[in-house]
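Q: I am new to this structure and would like a close look at a single part of it. Please describe that part and then set it in its surroundings.

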Amino acid sequence: MALEKKIEVVLNHVEVAIPIFNANGRSLTSRLLEVATGGVLDADPKGKVIVTALQDVSLTLRPGDRLGIIGHNGAGKSTLLRIIGGVYHPTSGDARISGKVNSLIDINLGINPEATGLENIYVRGALLGLNKKQVASKIQDITEFSELGDFLQMPVRTYSSGMQLRLAFAVSTIVRPEILIMDEWLSVGDAAFQAKAEIRLAELLESTQILVLASHSRKLLESVCNRIIWLEHGKIKDQGPVAEVLSRYFD
Amino acid sequence: MALQIGTITLVFGLIFRNPLNEYLPFVATSIILWSFMATSLNEGCLSFIVSDGIIKQLSLNMAVYPLRTLWKNTLTFGHNIIILPIVFLFSGKEVTASVFLFIPGILLLIANLFWIMILLAVVSARFRDVPQVISSLLMMLVYVTPVFWYPENLGNGSLSHLLLGLNPFYHILQVARLPLLGEFPTFENWAITSSLAAFGLVVALALLRRVKGKVAYWL
């Protein structure tokens, strides 16, 4: 048997300092002007503010871990999700992510309203890392699951928002990633579809090795996660077993 | 596109007193190639900016985004080039064996576009006024580069040699244009375009690797 690939997420003193540029800082001409005039002419030539979104975050996730992230708005939850998704690279410290990651943060990603539902399935499939053949083999499944039928031949802009969500949901959940990232639970469509979606999500969670879920919902975190970290101002304020951390956070 | 070619042929043909049956194929080829180059570069600036949603959620190879813009423009170019056979037929211009050199020529042109687009995409993501700067530069370049006029018309002075010789876009345009017009690009054209492509791709890909983790922060 081939050596099994190690799936893990290791964050080591990760810091993320995001430079926020204002109009001046984003302008090459004013930057050149600054050089030419020795910086006298322009009041705030650099126009740069650095926001430290995460600071000294260390954590290790192994298969079987179901991590919940809590914290107030702006505490760094989304930034942490992006680090784990490999989108942001830490400005200091290091992040090692081994395993196939899929993120369900924005399932509408890459949907082009002018293209037909079918075309969008291919585009989204490609973004998920599938080739044409692999997508083609899933078309049947997606059509049935989304209940869109012949609507798949129509441009997505003609869809109702519920239909759009059903399509996005059906496509986003066809791959079985090793590491799954979610920002809040996905709730889509009417009651009947909702039930189906719940089952599909449960399957997805079952097959994924590591789950990272940011949420504000106590009930959800209690039912899904087995570990919690609490972020505040970009730092880990508390972490540990679900019941303990949640009771400290919510009470 | 056809309308543009027709108008320019008429106006510049009359101004320069060029025989139309020779000038028309020249202008048609030049404009089709030039608009491919100019739109690719203009849109290349926006490669990362328009895909910010994807960049902030998925970790893909950053070269995908400029490549996507390039591919889209290559397809458009493929549609525009259909005008050429009609123009050639209409003006009685013959196609010679040199046309086979168009294939390496256009590939070199595309390779050069690709690395410039990568650089522009990176710089534009950081400095948002670059797309405007580039579009005015391209406006200027269309006059400096022999798109509407014959390079020979510049005369043989040393200044004109300098103007053409130092303009990379002149050489890039020549390697793709001349084969279609039944002529052969010079050794200088080939040497400059291919070394530029090789050098540029190395630099651009190295830069891309360096800024890989930064682009998402800039968007």
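A: The answer takes one helix and what covers it, then moves outward to the rest of the two chains.

The model is predicted, so to speak of local features a pLDDT of at least 70 is required, side-chain atom pairs count only at pLDDT 80 or more, totals for chains, interfaces and linings use all residues, and side-chain values rest on heavy atoms without hydrogens or water. Residues are numbered from 1 along each chain as its sequence is written, while chains are lettered from A and ligands numbered from 1 in the order in which they are written.

The part chosen is helix H5 of chain A, which covers residues 161-172 and so has 12 residues (helices are DSSP runs of H or I with at least four residues, strands are runs of E with at least two, and both are numbered from the N terminus). From its first C-alpha to its last, H5(A) reaches 16 Å, close to the 16 Å expected at 1.5 Å a residue. That expected span is 1.5 Å times one less than the number of residues in the helix. The buried residues of H5(A) are Met163(A), Arg166(A), Leu167(A), Ala168(A), Phe169(A), Ala170(A), Val171(A) and Ser172(A). Here buried means under 20% relative accessible area, exposed means over 50%, and partly exposed lies in between, with a 1.4 Å probe and protein chains only. An α-helix has 3.6 residues a turn, so residues three or four places apart point the same way.

The cover over these buried residues includes strand E5, helix H3 (117-127), helix H4 (132-146) and helix H6 (191-207) of chain A. Strand E5 spans residues 101-103 of chain A and holds Asn102(A). With a relative accessibility of 5%, Asn102(A) counts as buried. Ser172(A), one of the buried residues of H5(A), is also among the contacts of Asn102(A). Once neighbours within four places in sequence are set aside, the other partners of Asn102(A) are Leu128(A), Val175(A), Pro177(A), Ile179(A), Leu180(A) and Ile181(A), where contact means heavy atoms within 4.5 Å. Asn102(A) and Thr116(A) are 14 residues apart in sequence, and their C-alpha atoms are 24 Å apart in space.

The loop between H4 and H5 of chain A contains Glu147(A). Glu147(A) is not a glycine, yet has a positive phi of about 55°. Its relative accessible area is 47%, which makes Glu147(A) partly exposed. Asp56(A), another residue other than glycine, has a positive phi near 50°. Asp56(A) sits in strand E2 (residues 48-61) of chain A and is partly exposed at 49% relative accessibility. Most residues other than glycine have a negative phi.

H5(A) belongs to a chain with eight helices and nine strands. The C-alpha atoms of chain A fill a box of roughly 65 × 50 × 45 Å along the principal axes. Of its 251 residues, 45% count as buried. Among contacts in chain A between residues at least 6 apart in sequence, 74% join residues at least 24 apart.

Chain B is built from 12 helices and zero strands. The C-alpha trace of chain B spans about 55 × 35 × 30 Å along its principal axes, and 52% of its 219 residues count as buried. For contacts in chain B between residues at least 6 apart in sequence, the share that joins residues at least 24 apart is 76%.

One helix of chain B can be set beside H5(A). Helix H7 of chain B (residues 102-126) has 25 residues and reaches 36 Å from first C-alpha to last, close to the 36 Å expected at 1.5 Å a residue. Because 20 of the 25 residues of H7(B) are buried, this helix is largely enclosed by the rest of the structure. Val123(B) lies in H7 of chain B and is partly exposed, with a relative accessible area of 30%. Val123(B) and Leu205(B) are 82 residues apart in sequence, but 14 Å apart in space from C-alpha to C-alpha.

A loop residue of chain B completes the picture. Ser51(B) lies between helix H3 (47-50) and helix H4 (52-55) of chain B and counts as buried at 5% relative accessibility. Not counting residues up to four places away in sequence, Ser51(B) touches Tyr65(B) and Arg68(B).
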